Amino acid sequence: MTITNGTDPTTSVDGFVQSIEGIDRSSFAFDGDRIQALRAAYALVSRLETSWDTVARLVLTEPALGASLKVARDLQLFEKWHEGGEDSPQTDAQLAELTGCDSLLLSRMLRHLAATNLLKETSPGTYQQTAFTKSLLEPVFGAWADYLYDATLPCFYKMPEYLAKTGYKNPADPNDGVFQYTKGFRGSLFDYYDAHPVEGATFNNMMGGVMAKQAGMLDIYPYERLADSQPADSPTPLLVDVGGNVGHDINKFLAKQPALALRLVLQDRQDVVRLTKCPSVVQVSAHDFFTAQPVKGARAYYMHGVIHDWSDEPARQILAHLRDAMAPGYSKLLVHDHVLPAHDSHPQATAYDLAMMVKVSAFERTEAMWADLLASVGFRILKIWGSPLATQSVIEAELAPVV
């Protein structure tokens, strides 16, 4: 058989398949090249799919996949498999015995996981783990399956109903949006997780997974722009990580600049920072970023995935507290977040935008929206730093001159 372009045969199907079967993550010297190739592969799938293929994927394949992963998570399938030797292929009957699941039931889900390439079927009814399923053994990453069913799917399920009910107005109230409508709760998402600690723990792990798996600040922003002339033991903090979860970004920073631990500060809510993963020499403190910033005159105040949780008015409150703590001519503001382009956005960025809408009535911002927001609080943008390694950018800003 041949692949045709218009009416002329161009490439044999066998040749095409063989040409792509040998390509994987290790085929690229630079991760930016891998990301570019992945984006092209997404576009290729879209061009190859018929309308029915797309419907079948959206309505059948992907919902069944998420459900199968959640059941596997509940059964602790991958954990028990790992304990018995993660690289050893197992039959569906062996895995059913290992988990206490009905053999026929489990075989049906294993078959779907293999059909979608999340497991490898080495022979009929025999399976081997993949890099993805092994990654689910990490607590901060494996929590995604739970969070998918705790909040993501329920909120997107209710989104059309909520928008119709509210006259298709853009959600803007963090205390009364799709999340609250879904959960039957009055208050912010963070209030909800305070009141529901089991789901709150899943949320915190999920957020840790975001930080752990994404490119770090220094993968995007050059350290030379941050460095100052002060010694490594200076009492003046070099970087304050505001809303930094348990310290994944701090640890990525230390992996490249290990001598600067004494000048790093991690801040988040008390229930989060008590679980910190930072070295003990890093300054860790509980802080509510809606209150005055207690660390004054730091070289940089850094926020990763914080401002996109908030619409403009609460975002201004957060930024104003940082502005008031900054030293003119010395301090910087570093905002690590999505910056949506005018066109051709990455699907992760557009999905994040809608996720922010249903979870916290907020949104991802374009470059112009970031400029307007920051200017309204007294900042000016120096540069927006991007990298092929990341779908997010780092916005470097400073205090605007007083006119």
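A residue is called exposed here when its relative accessible area is over 50% and buried when that area is under 20%, with partly exposed covering the values in between. The model on screen is a predicted one, and the tour below begins with a residue to which that definition applies directly.

**First stop: two asparagines in loops**

Select Asn117, which is found in the loop between helix H6 (103-115) and S4. Its relative accessible area is 63%, so Asn117 counts as exposed. If you display the backbone as well, note that Asn117 has a positive phi of about 70° although it is not a glycine.

Then move to Asn245, in the loop between S6 and helix H13 (248-256). Asn245 also has a positive phi, of about 60°, and is not a glycine either. Is Asn245 buried or exposed? Its relative accessibility is 7%, and Asn245 therefore counts as buried.

**Second stop: the three-stranded sheet**

From Asn117, follow the chain into S4 and colour the open sheet of three strands, whose order is S3-S5-S4 and whose pairing is antiparallel. Strand S3 (90-91) and strand S4 (120-123) are the edge strands, each pairing on one side only. S4 is joined to strand S5 (residues 126-128) by three bridges in the antiparallel sense, and selecting Lys120 will show you that this residue stands opposite Gln128 in S5.

**Third stop: the seven-stranded sheet**

Next, select the seven strands that form an open sheet in the order S8-S7-S6-S9-S10-S14-S13, with mixed pairing. At the edges are strand S8 (283-286) and strand S13 (379-385), each of which pairs on one side only. As you look across the sheet, the twist from one strand to the next averages 20°.

Within this sheet, S6 shows the parallel kind of pairing, since four bridges connect it in that sense to strand S7 (residues 264-268). Val240 makes a good landmark, standing opposite Val265 in S7. Show the side chains of S6 and you will find Leu239 and Asp241 pointing one way, with Val240 and Val242 pointing the other way, and all of them buried.

For an antiparallel example, go to S13 and strand S14 (residues 393-399), which pair over six bridges. Which residue of S14 is the bridge partner of Phe379? The partner is Leu399.

Now add two helices to the view. Helix H17 (residues 367-376) packs on the sheet, where it touches S10, S13 and S14, and its direction makes about 150° with that of S13. Helix H15 (residues 312-325) lies across strand S6 (239-242), strand S9 (300-304), strand S10 (332-337), S13 and S14, and runs at about 160° to S9.

**Fourth stop: salt bridges**

The structure holds 20 salt bridges, and a network of them makes a convenient place to begin. Select Arg73, which is partly exposed, with a relative accessible area of 22%. Arg73 forms a salt bridge with Asp146, and the closest N and O atoms of the two are 3.0 Å apart. This pair links distant parts of the chain, because Arg73 belongs to helix H3 and Asp146 to helix H8 (residues 139-165), 73 residues apart. Asp146 has a relative accessible area of 16% and is therefore buried.

The side chain of Arg73 also meets that of Glu79 in a salt bridge, at 3.9 Å from N to O. Glu79 is partly exposed, at 22% relative accessibility.

A further salt bridge is found between the side chains of Lys183 and Glu199, at 3.0 Å from N to O. Here too the pair links distant parts of the chain, with Lys183 in helix H9 (residues 178-183) and Glu199 in helix H11 (residues 197-213), 16 residues apart. Lys183 counts as partly exposed at 23% relative accessibility, whereas Glu199, with a relative accessible area of 17%, is buried. To finish this stop, select Lys70, Arg73, Asp74, Glu79 and Asp146 together, which salt bridges with shared partners join into one network.

**Last stop: a nonpolar patch**

Finally, switch to a surface display and select Trp52, Val55, Leu58, Val59 and Leu60, which make a nonpolar surface patch of about 510 Å². Leu58 is found in helix H3 (residues 51-75). With a relative accessibility of 48%, Leu58 counts as partly exposed.

Notes:
Residues numbered from 1 in each chain as written. Predicted model: local features only at pLDDT ≥ 70, side-chain atom pairs only at ≥ 80, totals over all residues. Heavy atoms only, no water. Pairing = 2+ DSSP bridges. Axes fitted to C-alpha atoms, helices over the stretch in contact; angles between N-to-C directions. Contact = heavy atoms within 4.5 Å. Patch = residues over 30% accessible without salt bridge, like charges linked within 9 Å, V, L, I, M, F, W, Y side chains within 5 Å. Areas by Shrake-Rupley, 256 points an atom, 1.4 Å probe, with all protein chains shown as cover. Salt bridge = Lys/Arg side-chain N within 4 Å of Asp/Glu carboxyl O. Buried < 20%, exposed > 50% of the residue type's maximum accessible area, 1.4 Å probe, protein only.
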